[in-house]
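Welcome! Take a moment with the sequence and the 3D view, and then let us walk through a few places together.

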Amino acid sequence: MKIGRFAERAFGALFFCAFAAAFVLCLTYGSWLLEKKLDPVLGIASGVLFTAIAYFAVKMARRLSVPNPRRVEVLLLILLFLIYIPLQLWFAHEFEYDLTNGWDFDIVVKSAQSYALEGATGCAAYYSSWPNNVPIMVLLCLLFKGALRLGITDLMAVGAVVNCVSIDVALLLVYFTARKLAGRRAAALCLAGGMLTAALLIYTSLFYTDTLSLPYPIAALYAWICFKEKYAAGKKAGAARALIAASLWIAAGSLLKITVLIAAVAIAIDALLCFGARRGAVTAAAVAILCAAFYFPLRAAAFSHPAVPEKDEAAYLPTLHYVMMGLHGNGNYYDPDYGLTFSVPADERDALVKQEIKSRVEAYGFGGIAAHLAEKIGFTWGDSLYTAPYKIGRDRQPTSQLDVLFLYYSPYYRYTSYVCEGPHLLLLSMLAAAGILFMRGKRRELLPFALSGYGLFFFLLFWETRARYLVNFLPIYLLVGILTFWYLTEKKDIAKIK
């Protein structure tokens, strides 16, 4: 167990360094800064202001009376969502998407619409190059078909409503996870933080992999802590059900967005740290087997759907292509790299991509790689709205009340950036503070969530990246950050109410 404690403290140091770097570098390289030339001093001032607001909110939350009996708590949650859901639908209506921008979301939604309305299959070349988008396309086909059978013809509205439901499920999971870890008062604070996250409101009309996969990582980790709780209580049947649920959430979620698999790795590591080498290895192996048992049949079912076109071998795109692209500039999407990959026949592309990766790494050298990774971290973590305004507003002219506040090219976006940067910097600072808690051997209950969050951080160091790729892990980052703030402001004489 001494090795386990040392490993936890070492991870705490890595976690602290990662998010302390993200805090500093987002002020230096962040996309919000470069896009509109914002003043870092004003960004920090916004962070200080929101820290004060958050501290006041924590003090108020500690004074809240805990609803009892449980039905009162349920009623309060229903009332809260009855306020929040109309706000979501308003954002979705104001940011109604017209499918004219030509990025992946447009292609996938048009494919699903064509199948639902006409029975047409998708573009073979596109889905052969990006097979990761086949499951989301099939899901939308099923959704749109079902809507049409009910006589609903506004398919974009259907997608937006389902997207809002997905976001709401994720927020509820944040609440119940925080409730299990720190009590109902802290849970209320976490739920409020999630609901006030602007990116989750802006993304309501973009029912794509980022938000439709939102509940899966947090649900898997919630099931995992339920497993540990039931296992410790000797409830083996309940523990088995929880482990199966965690594996199912991971398998289903990774079909929509592959980064959900990071939660499985986090669970496996946490199992080794919690249960020791032997029992931990058995638990980790069980999770791996269960995930595979669910994943491959689900994947086979998705790829056998009639909407999926036959594979086009000439459109093959190597997986390492995204590592190559991630080695260019700040790691953002770089269209010339697609031209480079497709400049040779399909059977030569793997060799070309591997050679290009080697060439770029050698050209950088040690110092160049360090500078490249620093720029990449700043670019990924520097956008407090997680690319949402850009995805909504590509070639879009401000026409609605919200457009003038949230579109990149609107005159008031500069002020919106400062407002949103405050809580974003506070979140990054609290994530770094969580690392310090782990180094001191405290708050181990947050460790599986932090392992998942760090896994995504590490993965995006080597992959093509942008802030949008953080969205489906936002519930996890919010949970760790807000609970860390809650713990740091906790007095010894305040008992946690479970």
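Helix α20 gives eight residues to the lining of the second largest pocket, the largest share of that lining. Keep in mind that you are looking at a predicted model. The pocket itself has a volume of about 830 Å³. Besides α20 (413-439), the elements that give two or more residues to its lining are α3 (40-62), α4, α9 (184-195), α10 (198-202) and α22 (474-488).

In total, 32 residues line this second largest pocket, and if you want to find its centre, look for Phe50, Gly193, Leu196, Thr197 and Pro423, which lie nearest to it. What classes of residue make up the lining of the second largest pocket? Nonpolar residues number 26 and polar ones six, while charged residues are absent.

Let us stay with helix α20 for a moment, since Ser417 is found there. Is Ser417 buried or exposed? Its relative accessibility is 1%, and because buried means under 20%, Ser417 counts as buried. For a sense of distance, try Glu310: this residue and Ser417 are 107 residues apart along the chain, and their C-alpha atoms are separated by 45 Å.

Now turn to helix α4, which spans residues 70-94 and includes Val72. With 33% relative accessibility, Val72 counts as partly exposed, because this value falls between the limits of 20% for buried and 50% for exposed. Val72 also belongs to a nonpolar surface patch of about 610 Å², which it makes together with Val74, Leu75, Leu76, Ile78, Leu79 and Leu82.

Terms used: Residues numbered from 1 in each chain as written. Predicted model: local features only at pLDDT ≥ 70, side-chain atom pairs only at ≥ 80, totals over all residues. Heavy atoms only, no water. Patch = residues over 30% accessible without salt bridge, like charges linked within 9 Å, V, L, I, M, F, W, Y side chains within 5 Å. Areas by Shrake-Rupley, 256 points an atom, 1.4 Å probe, with all protein chains shown as cover. Salt bridge = Lys/Arg side-chain N within 4 Å of Asp/Glu carboxyl O. Helix = DSSP H or I, 4+ residues; strand = E, 2+ residues; numbered from the N terminus. Buried < 20%, exposed > 50% of the residue type's maximum accessible area, 1.4 Å probe, protein only. 1 Å grid on protein atoms, 1.4 Å probe; cavity = no way out; pocket = protein on both sides within 12 Å on 5 of 7 lines; lining within 4 Å. Points joined across faces, edges and corners; volume = space filled by probe spheres on them. Nonpolar A, V, L, I, M, F, W, Y, C, P; charged D, E, K, R; others polar.
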